[in-house]
Amino acid sequence: MDREICMEEDEFAHRIGWTVIKGGFGQRRYRDPRFDQLKADRLRALHGVEEDGREEREVPGNVAA
């Protein structure tokens, strides 16, 4: 019965790449995994880490334009 109630919403979420976390009867949490990437990008920027894992370092004499 639970699956029948939420089937349309679950299928839509899976089609667009979201994760579906099932709770109690009829309870669902839908999440777009791109939010995790945004968080990771913000943390890298905050800690000065490049996308490939290298740390950004200031070089004396260089000025950001």
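In what order do the elements of the protein run from the N terminus on? They run α-β-β-α, as seen in this predicted model, and the close-up views below take up parts of that arrangement in turn.

**View 1. The whole chain, with its 2 helices and 2 strands.** The protein has 65 residues, of which buried residues make up 11%. About 6100 Å² of the protein is exposed, and carbon and sulfur atoms supply 53% of that area. Among the contacts with a separation of 6 or more, 14% come from residues that are 24 or more positions apart.

**View 2. The hairpin of β1 and β2.** Strand β1, which covers residues 19-22, and strand β2, which covers residues 28-31, run antiparallel and are joined by 4 bridges. One pairing can be followed residue by residue, since the bridge partner of Val20 in β2 is Tyr30. Between the strands the hairpin has 5 residues, and in this hairpin Gly26 takes a positive phi near 75°.

**View 3. Asp10 of helix α1 and the residues it touches.** Leaving aside residues up to four places away in sequence, Asp10 touches Val20, Lys22, Arg28 and Tyr30. Two of these residues, Val20 and Tyr30, are also bridge partners of each other. Asp10 counts as buried because its relative accessibility is 7%, below the 20% under which a residue is called buried.

**View 4. A nonpolar surface patch made by Phe12, Ile16, Trp18 and Tyr30.** The area of this patch is about 360 Å². Phe12 belongs to helix α1, which spans residues 2-15, and with a relative accessibility of 43% Phe12 counts as partly exposed. Tyr30, another member of the patch, is among the residues that Asp10 touches, so that this view can be read together with the one before it.

**View 5. Two of the salt bridges, Asp36 with Arg31 and Arg34 with Asp32.** In the protein the count comes to 4 salt bridges. Side chains of opposite charge can pair when their charged atoms come close. The side chains of Asp36 and Arg31 meet at 2.8 Å, N to O; Asp36 is partly exposed at 44% relative accessibility, and Arg31 is likewise partly exposed, at 37%. In the salt bridge of Arg34 with Asp32, the closest N and O atoms are 2.5 Å apart. Here the partners lie in opposite surroundings, because Arg34 is exposed, with a relative accessible area of 61%, whereas Asp32 is buried, with a relative accessible area of 10%.

**View 6. Helix α2, with the salt bridge of Arg44 and Asp41.** Helix α2 covers residues 34-47 and holds both Arg44 and Asp41, which are 3 residues apart, about one turn of the helix. An α-helix has 3.6 residues a turn, so residues three or four places apart point the same way. The closest N and O atoms of Arg44 and Asp41 are 2.4 Å apart, and both residues count as partly exposed, Arg44 at 22% relative accessibility and Asp41 with a relative accessible area of 28%. From its first C-alpha to its last, α2 reaches 20 Å with its 14 residues, close to the 20 Å expected at 1.5 Å a residue. Just after α2 comes Gly48, which takes a positive phi of about 70°.

Note on methods:
Residues are numbered from 1 along each chain as its sequence is written. This is a predicted model: local features need pLDDT of at least 70, side-chain atom pairs count only at pLDDT 80 or more; totals for chains, interfaces and linings use all residues. Side-chain values use heavy atoms; hydrogens and water are left out. Patches are made of residues with over 30% relative accessible area and no salt bridge: like charges are joined within 9 Å, nonpolar side chains (Val, Leu, Ile, Met, Phe, Trp, Tyr) within 5 Å. Accessible areas come from the Shrake-Rupley method with a 1.4 Å probe; for residues, only the protein chains shown count as cover. Buried means under 20% relative accessible area, exposed over 50%, partly exposed in between (1.4 Å probe, protein chains only). The expected span of a helix is 1.5 Å times one less than its number of residues. Contact means heavy atoms within 4.5 Å. Two strands pair if DSSP finds at least two bridges between them.
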